[in-house]
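Below is a short report on one chain and its bound ligand. Please read it alongside the sequence and coordinates.

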Amino acid sequence: MFLKVENLKKSYNTGDVTTMVLKGAGINLDKGEIGVILGPSGSGKSTLLNIIGGIDRCDSGTVSVDNIEVTKLTDDRLTDFRRENIGFIFQFYNLIPNLTVGENIEVVSNISKNPLNTDEVLKAVSMLDKKHRFPRELSGGEQQRVSIARAIVKNPKLLLCDEPTGALDFSTSRDILKLLENINKEFGTTILMITHNTAISEMANKVFKIRSGEVVESIVNKTTIPAERIEW
Ligand SMILES: Nc1ncnc2c1ncn2[C@@H]1O[C@H](COP(=O)(O)OP(=O)(O)OP(=O)(O)O)[C@@H](O)[C@H]1O
Ligand SMILES: [Mg+2]
């Protein structure tokens, strides 16, 4: 099993109140699979994804990625793990505003062990012609394509996407999903994606439904529908 999450618990303290956000969540994915996490707002989806990717810590439980037990790593090792293995894509792109498209990619490739070529990656997301533009000079869909390029330039083992199409219209969303599908096929990248859109789960090998911090249903799709044919 490439990604194994078991009995994950996480609570947050705000003032006197402790809220249990994850109550023993568990999921798993094989290498090269696409997984989708569905669930209402506040159910713990982003918290789960952030713990898997090592940008947050759990209280108890285990996460292992490609036989690395992420939950056991020290802070320094966790940073290395994240840098070497994980690509993140967020709903609102998170590009650095005063760097060009090319420079946004190079910030990541410069600190990666075996980065892909910046131009190749920009070509893959059809953004090479806009390499010298700044994020504010791009549409939302274009910014998201750059953020995908930034996430894949390190050739990550695991691509974590938090509502990657949440801010985009239908046809741009479908383009982004096709792009993710191509990356999955071409590089064998395992992808775990949060969405509110149940239609998107049709392209996934596995679907995890979360309710108040628990995975209430794990579905294995025997057949998947290509992103190109998904409608909503
Ligand atoms: N740093 C934090 N401090 C306190 N509470 C937090 C923190 N981060 C998240 N929470 C709480 O944890 C719960 C789950 O948050 P999370 O962001 O994981 O939800 P989500 O499923 O991603 O929701 P959405 O679909 O709206 O993005 C929420 O009730 C949220 O208020
Ligand atoms: Mg969220």
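The sections that follow cover the overall chain, the sheet, its strand pairings and the ligand shell.

## Overall chain

The model is predicted. The chain contains six helices and 10 strands. Along the principal axes, its C-alpha atoms fill a box of roughly 50 × 40 × 35 Å.

A compact globule of 232 residues would have a radius of gyration near 17 Å, and the chain, at 17 Å, agrees with that. Of the 232 residues, 39% count as buried. Taking the contacts between residues at least 6 apart in sequence, 68% join residues at least 24 apart.

## The six-stranded sheet

Six strands form an open sheet with mixed pairing, and their order is 6-7-8-3-9-10. The edges are strand 6 (86-89) and strand 10 (214-220); each has a single partner strand, so one side of each has no neighbour in the sheet. From one strand to the next, the twist averages 15°.

## Pairings of strand 9

Strand 9 (residues 206-211) runs parallel to strand 3 (residues 34-38), and four bridges join the two. Ile 37 stands opposite Phe 208 of strand 9.

With strand 10, strand 9 pairs in the antiparallel sense, over six bridges. Lys 206 has Val 220 in strand 10 as its bridge partner. Strand 9 and strand 10 form a hairpin, with two residues between them. In the turn of this hairpin, Ser 212 has a positive phi of about 30°. Strand 9 thus has one parallel pairing, with strand 3, and one antiparallel pairing, with strand 10.

## Shell around ligand 1

Which residues surround ligand 1? The shell consists of Tyr 12, Thr 14, Val 21, Gly 39, Ser 41, Gly 42, Ser 43, Gly 44, Lys 45, Ser 46 and Thr 47. Strand 1 (3-14) and helix 1 (45-52) are the elements that give two or more residues to this shell. Helix 1 provides the largest share, three residues.

By residue class, the shell around ligand 1 has two nonpolar, eight polar and one charged residue. Gly counts as polar in this division, and the glycines of the shell are Gly 39, Gly 42 and Gly 44. The charged residue is Lys 45, while the nonpolar residues are Tyr 12 and Val 21.

Technical notes
Residues numbered from 1 in each chain as written. Chains lettered and ligands numbered in written order. Predicted model: local features only at pLDDT ≥ 70, side-chain atom pairs only at ≥ 80, totals over all residues. Pairing = 2+ DSSP bridges. Axes fitted to C-alpha atoms, helices over the stretch in contact; angles between N-to-C directions. Near = placed C-beta within 6 Å. Rg over C-alpha atoms; globule rule 2.2 N^0.38 Å. Buried ≥ 20, exposed ≤ 12 C-beta atoms within 10 Å, placed from the backbone. Contact = placed C-beta atoms within 7 Å.
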